[in-house]
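Trainee: Before we look, I would like each label justified against its criterion.
Mentor: Then ask, and we will set each value against its definition.

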Amino acid sequence: MKYAIYLRKSTDTEDKQVLSLESQESELKRLALLHGLDVVETLQESRSAKEPGRPVFNYLMDLVSSGKVDAILCWKIDRLTRNPVDGGQIQWFLQNGKIKCITTFEKNYYPNDNVLLMSIEQAMASQYIRDLSTNVKRGNRAKLERGEWPNHAPFGYYNDKATKTVKVDKKLAPYVVRTFELCIAGKNYQEISNALYEEGLRTESGRKVFKSQIQRTVLNPFYYGMMLRDGKYYEGKHETLISKHTFDSAQEISLVRSRPKSQSLFFPLRGFLTCHNCGCNLTASLKKGHHYYYCTDGKKICEEHKGYMRENYLYEEVSKIFDDIHISEAKIELMYQAAKELQERKAGNSMDMTKSLKASLDSLKSKESRLLDTFIAEQITKELYDKKTLELHNERISLSKQIKDLEMNEPAFTLEPVKKVFLEANRTRNEFLNGNDTKKKEVLEKVLWNLSLENKKIVTVKYKSVFAVMSKMPKNAPIHEMLSGLDSNQNKRYQKPLSYH
């Protein structure tokens, strides 16, 4: 038989206990010499076997298929495969005799062996990978929820193996702080990289830190105490290097820098208008001294792009949507006062309920004492004592949870900012019509996500935040209904159909 030695070692966690490629090769060659095996190829691969597609393994299968090799020598069967696709190919070649023997350090596999045994071994290897992945992810989530970082420490920190925590690197941390200072000062990433190099920062090879590393540093909330993982934030217990204010300031500068450069012509409505017929954005151009908007027809299916709308016409159309977020100042004041009274009433009720729950919690102590005295006096059985003790314990947990929830409960929304937004909404129409082009764009950015047009008329409007709630409020609705709508919907987006004739 013509043997091929196949060696594999991946960098995954499950391979930490597997011999290195050099050790595998040494052991298998000794085994081949001991049993007089004819080795014609030695192949090695540094790649996980979780999924099919390993190039060296595929080459090995080509050798088997062509008859150049008819036996395989490997450390263990899971070095060959840990997924059902590659495992099926190995089993098929064994069954049809293309592979006459698979020799491992522990045993041999032959074509006439019970294929079920190999299937079980391969399935166990595959399941081990899946279980390990699940356990690792679960462990990482648990660490994050405890405020611990489960991965390699970011620039400016190091992983303390003794305590398994992330600690500040006293040598590199000042460069992190300096990075944020330079960013807030208006320096771009390349300029920051150059400045840090002049101030002594070097990579392990003695070069400048790449500007991509600078960008990752500036965008990483880890430095002010928040850990971002899979789109979710966790509060970290590690020592912070900057304040949140510093981080936010750097984000604002980075956002401005990442925006595309302004064009020579400024069209204040561009970016807010879409075609209701095809969903494409409306663009604008200068024709004969006037600004015109029209559908881009990016999908090549729309007739709306043939209709041009002059900018002044659209200003009048767009201004009508502000009527839907207008509420009289007198009614705003009534809403404000009613909401304030409601909050105060809720706060009072919450205090009374908390006081009552704490009294119930205190009464449990005397119940537990009486229960213990009864048990000691042998007036009740051990089983009944244990049952009642458990009931009191559960009641204590329930009461404690209710008290904690009440103490942590906050108002659904803050009244003063909401009142301010309502008053601002009353001024938006005049600000839009009377403001310059820059002001018009600012008003739209504050109020709208976008709106769609069909036959030169506004069909739908997507308002932002509280403005969406205000647009849906009937202007003659009772105060309590308007408050209820604001309370439950202030953080949602709405799409409201409009018809103007």
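Trainee: What phi does Gly186 take, just after α6?
Mentor: In this predicted model, Gly186 takes a positive phi of about 100°.

Trainee: How do you know that the span of α6 agrees with its number of residues?
Mentor: Helix α6 has 12 residues, 173-184. The expected span takes 1.5 Å times one less than the number of residues, so α6 should span 16 Å. Its end C-alpha atoms are 17 Å apart, which agrees.

Trainee: Why are Ala173, Tyr175 and Val176 of α6 called buried?
Mentor: Buried means under 20% relative accessible area. Ala173, Tyr175 and Val176 are classed as buried, as are Thr179, Phe180, Leu182 and Cys183.

Trainee: What makes β12 and β13 a pair?
Mentor: Pairing requires at least two bridges. Two bridges join β12 (residues 290-295) to β13, so the criterion is met. The two strands run antiparallel, and Tyr292 stands opposite Arg310 in β13.

Trainee: Why is the sheet called open?
Mentor: Its order is β11-β12-β13. β11 (282-287) and β13 (309-310) stand at the edges with a single partner strand each, so one side of each has no neighbour in the sheet.

Trainee: Which residues touch the most other members of the largest nonpolar core?
Mentor: Ile321, Phe322, Leu451 and Tyr463 do, out of 39 residues. Helix α15 (residues 465-472) gives the most to this core, with four residues. Another core, of 30 residues, lies apart from it and includes Trp149 and Val176.

Technical notes:
Residues are numbered from 1 along each chain as its sequence is written. This is a predicted model: local features need pLDDT of at least 70, side-chain atom pairs count only at pLDDT 80 or more; totals for chains, interfaces and linings use all residues. Side-chain values use heavy atoms; hydrogens and water are left out. Buried means under 20% relative accessible area, exposed over 50%, partly exposed in between (1.4 Å probe, protein chains only). A nonpolar core is a set of buried Ala, Val, Leu, Ile, Met, Phe, Trp, Tyr and Cys residues joined through side-chain atoms within 4.5 Å.
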